[in-house]
Amino acid sequence: MWYHRLSHLQSRLQDLLKGGVIYPALPQPNFKSLLPLAVHWHHTVSKSLTCAWQQHEDHFELKYANTVMRFDYVWLRDHCRSASCYNSKTHQRSLDTASVDLCIKPKNIRLDETTLFFTWPDGHVTKYDLNWLVKNSYEGQKQKVIQPRILWNAEIYQQAQVPYVDCQSFLETNEGLKKFLQNFLLYGIAFVENVPPTQEHTEKLAERISLIRETIYGRMWYFTSDFSRGDTAYTKLALDRHTDTTYFQEPCGIQVFHCLKHEGTGGRTLLVDGFYAAEQVLQKAPEEFELLSKVPLKHEYIEDVGECHNHMIGVGPVLNIYPWNKELYLI
């Protein structure tokens, strides 16, 4: 039953990828506190924001920046940023989490301007900036978008007129690199022009972005239509819309393509915004979006050509979302 429904959804998703309908980006979820309103609150005014808190038996409740947050006392003690609990040079915890009493409760709490001070039973003092608590609270994370994106189809992208980045500017200036990364993070694709047609120059460009990942094909490789590998990309057959390396346990985050030589006809490049297609599924069929984001599938790559014998398997749902804010981050 699942197979038939997922096959139907895959077909529908491919149809939607051709889409011409523009949908607005997913709105931010409205935060609703699951906690009952407390009777006795400590109120204070910090700059232009009102801060109020209540100390419960097993947790601390804070109202600040239009957000109601709940913090377990163990979490507050464990995340202490004092010199004895946290190494600020390595950004690593020094405190042994297992040493924290699971029933710990502060004996005193006070606010000074925008900083909360917790005094624990052993006399240790933990201090937190209010904005840090908002940023790192579960409730704050629910309201935060991890990676802002511009969703696009052919019409939207053409109208945006996203500029290319010149190779020399990309390699030699921070501004050129910044422009490239902004385009890539917002649109999922970016272009560098005037790159000399060699593998060495392509590798130099790729290393400007990030470390190059080792794969079953190597770090950098040529491919052409000679069927030297058991993959359709090594044939003269057209490749329709698809996602690469889904058979890895962690699919590649960035792929760099550079056409070094072209003879004859064909070779058209087709680029699709899968996040745009997923948004259409969410708007038109939210139950099916949920199905695609929850049911794990096996993604396989089987190769048995010449000396290349590979069988790669990756397992996961088609759509991967952050559970706390339902933001899509991987297809």
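In this predicted model, Cys-51 is a buried residue, with a relative accessible area of 0%. Cys-80 also counts as buried, at 2% relative accessibility. A disulfide is a covalent bond between the sulfur atoms of two cysteines. The cysteine sulfur closest to that of Cys-80 belongs to Cys-85 and lies 4.0 Å away, which is too far for a bond. A disulfide would require the two sulfur atoms to be within 2.5 Å. A search of the whole structure accordingly returns zero disulfides.

The interior may be considered next. The largest nonpolar core contains 22 residues, and those that touch the most other members are Phe-60, Leu-62, Leu-76, Leu-116 and Phe-118. Several elements each supply at least two residues of this core: the strands E2 (49-55), E3 (59-64), E4 (67-72) and E8 (115-119), together with the helices H2 (73-78) and H3 (130-136). A second core, separate from this one, has 16 residues, including Ile-156, Val-162, Tyr-276 and Phe-289.

Leu-116 may serve as an example from the largest core. When neighbours within four places in sequence are left aside, the contacts of Leu-116 include Trp-53, Phe-60, Leu-62, Ile-109 and Leu-111. Among the others are Arg-110, Thr-126, Lys-127, Tyr-128, Leu-130 and Leu-133.

Rolling a probe the size of a water molecule over the atoms shows where empty space is left. The structure holds one cavity of 30 Å³ or more, and the largest cavity has a volume of about 30 Å³. Its lining consists of Tyr-157, Val-162, Pro-163, Tyr-164, Asn-183, Ile-189, Ala-190 and Phe-191. Of these lining residues, seven are nonpolar, one is polar and none is charged.

Notes: Residues numbered from 1 in each chain as written. Predicted model: local features only at pLDDT ≥ 70, side-chain atom pairs only at ≥ 80, totals over all residues. Heavy atoms only, no water. 1 Å grid on protein atoms, 1.4 Å probe; cavity = no way out; pocket = protein on both sides within 12 Å on 5 of 7 lines; lining within 4 Å. Points joined across faces, edges and corners; volume = space filled by probe spheres on them. Nonpolar A, V, L, I, M, F, W, Y, C, P; charged D, E, K, R; others polar. Core = buried A, V, L, I, M, F, W, Y, C linked by side-chain atoms within 4.5 Å. Buried < 20%, exposed > 50% of the residue type's maximum accessible area, 1.4 Å probe, protein only. Helix = DSSP H or I, 4+ residues; strand = E, 2+ residues; numbered from the N terminus. Contact = heavy atoms within 4.5 Å.
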